[in-house]
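Got your viewer open? Let's walk through this chain stop by stop, picking things to select as we go.

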Amino acid sequence: MTEAEQKSTPFIRSFATGMRYLKSFIKFLIPKNFRPTVLKIFYAIRSPLYLGNTVECPCCGGQFNTFLPFTGYHHTRKNAQCPRCGSLERHRLLWLFLKNKTDLFTKPAKLLHFAPELILQKKLRTIPGISYIGTDIDSPLADVKMDIHQIIYEEKTIDAIIIYHVLDHVKDDRLAMREMYRVLKPGGWAIIQSSVNMEQATTFEDPAAVTPKDKLRIYGQVDLARKYGRDFIDRLSETGFEVHAEQYGLELEPAEVAKYGVIRGEYIFYCLRTD
Ligand SMILES: [Zn+2]
C-alpha cells in the first residue's frame, strides 16, 4: 500500500472505489474512439464555471479559482485537475520541467510520446520544430500503433521520449527500457515516469499475477505488472541511461507550487543517452 493509500480514510477509499466504478460505467457507455471528443466537450462546458485568478494551469494557460478534485485508483485528491484541459499535478510539473529544464522548445527534435494523454499531445504538437509521434498499442490518440517491446524505429533516430505510467503495466519492462534506449540518439533524452515508492528498496513483482483477478489480489489493481521501488533507477541505469531523479517542485517557490497546483516532492526521471 502506498503512503497516499495509508493516509486515506475508509470513507475516502470507498468514495474512490465508487468513482472508479462510475468511470468504468461511463467508459462502457462511450466507445473508445469518441471519448477524446466527449471529454473535450465536457471540459469546454465546465471550465467557465471556475474562472478566477487563484490558480493557473501551465498546460493550457487557463486561470481559475481552483483546480478540481480527481479520483485516482485508490483515493481522491483535492485541487488536482484543471477544469479546462484536464491536466493533473504530474502533467503541470512535466510541462514546467520541459519548458525550463530541457531543450524541447529551442531545438528541432523528433519526439516519441508513449500512451499519449489528450492535453499533453495537443500542446506538444504545437511546439515549433517538433516532429511529434504519439504512440500506443491501442489508444485512439496514437498516430502510430506499436508495442513498446518492439519499437518500429531504427536505432539512434529519436531525439526525445516522453512516457508516463506505462512501464509498471507492461510484460517486460527491462526490454521496453532497452528498446527506448536503442532508438534514442546519443545526446537524446527520455522522461520515463512510473509510480515509484521511494520508501521501498526493491520492486515487487509476482510471476503468479497473470489474470486481472490475480493482479487485483496481489497488486490491488487489475492492470499492474509490478510495483516499483527505488531500484527503478537501477533498472534504467543498467539499460545504459544516465538517470537524474529530479524533484523539480523543490526548485519552485511555495507560491508557484500553489499557483500551478503541483506536488512539490514528485520525482521526474530524466534519462540521458550520453554515449
Ligand atoms: Zn489546463
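Leaving aside its neighbours within four places in sequence, which residues is Pro-83 in contact with? Select Pro-83 and look around: the partners are Tyr-43, Arg-46, Ser-47, Tyr-50, Phe-64 and Leu-68. Two residues are in contact if their C-beta atoms, placed from the backbone, lie within 7 Å.

Before going on, a word on what you are looking at. This is a predicted model, where local features need pLDDT of at least 70 and side-chain atom pairs count only at pLDDT 80 or more, while totals for chains, interfaces and linings use all residues. Residues are numbered from 1 along each chain as its sequence is written.

**The whole chain**

Zoom out and switch to a cartoon view. You should find 9 helices and 11 strands. Helices (H or I, at least four residues) and strands (E, at least two) are DSSP runs, numbered from the N terminus. The chain has 275 residues, and 28% of them count as buried. A residue is buried if 20 or more other C-beta atoms lie within 10 Å of its own, exposed if 12 or fewer, and partly exposed in between, with C-beta atoms placed from the backbone. Now think about contacts between residues at least 6 apart in sequence: 61% of these join residues at least 24 apart.

**Back to Pro-83**

Zoom in again on Pro-83, which lies in the loop between β4 and α4. Is Pro-83 buried or exposed? Pro-83 counts as buried, because it has 24 C-beta neighbours inside 10 Å. Try a distance label from Pro-83 to Arg-46: these two are 37 residues apart in sequence, but 6.6 Å apart in space, C-alpha to C-alpha.

**Asn-79 on strand β4**

Next, select residues 76-81, which make up strand β4, and pick out Asn-79 within the strand. Asn-79 has a phi near 55°, a positive value in a residue other than glycine. With 14 C-beta neighbours inside 10 Å, Asn-79 counts as partly exposed.

**Helix α5**

Now select residues 118-125, helix α5, and colour Ile-119, Leu-120, Lys-123 and Leu-124, which are buried. Look down the axis of α5: the buried residues fall within an arc of 120°, so they line one face of the helix. (The arc is that of the directions from the helix axis to the C-beta atoms.) What covers the buried residues of α5? Show α4 (89-101), β5 (109-114) and β6 (130-136), which are among the covering elements.

**Ser-131 on strand β6**

Stay with β6 and click on Ser-131, which has its place in this strand. Ser-131 is partly exposed, with 13 other C-beta atoms within 10 Å. Apart from neighbours within four places in sequence, Ser-131 is in contact with Lys-110 and Leu-111. Add Ala-109 to your selection: its C-alpha atom is separated from that of Ser-131 by 6.1 Å, and the two are 22 residues apart along the chain.

**His-165, on the way to α6**

Move to the loop between β8 and α6, where His-165 lies. His-165 has a positive phi of about 55°, although it is not a glycine. This residue is partly exposed, with 13 other C-beta atoms within 10 Å.

**Helix α6 and its neighbours**

Select residues 173-183 to bring up helix α6, whose buried residues are Asp-173, Ala-176, Met-177, Glu-179, Met-180 and Val-183. They cover an arc of only 160° around the axis, which puts them on the same side of α6. These buried residues pack against β8 (158-164), β9 (184-193) and α8 (231-239).

Keep α6 and α8 on screen. Their packing angle is about 45°, and their axes are 9 Å apart. (Axes are lines fitted to C-alpha atoms, for helices over the stretch in contact, and angles run from 0 to 180 degrees between N-to-C directions.) The two helices are therefore oblique to each other. Angles under 35 degrees count as roughly parallel, over 145 as roughly antiparallel, 65 to 115 as roughly perpendicular and the rest as oblique. Which residues make the contact? Show Asp-173, Arg-174, Met-177, Arg-178 and Tyr-181 of α6, along with Arg-235, Leu-236 and Thr-239 of α8.

**Last stop: Arg-230**

Finish at Arg-230, in the loop between α7 (212-219) and α8. Arg-230 is partly exposed, with 15 other C-beta atoms within 10 Å. Beyond its neighbours within four places in sequence, Arg-230 is in contact with Met-198, Gln-200 and Ala-201.

Key
The arc is that of the directions from the helix axis to the C-beta atoms.
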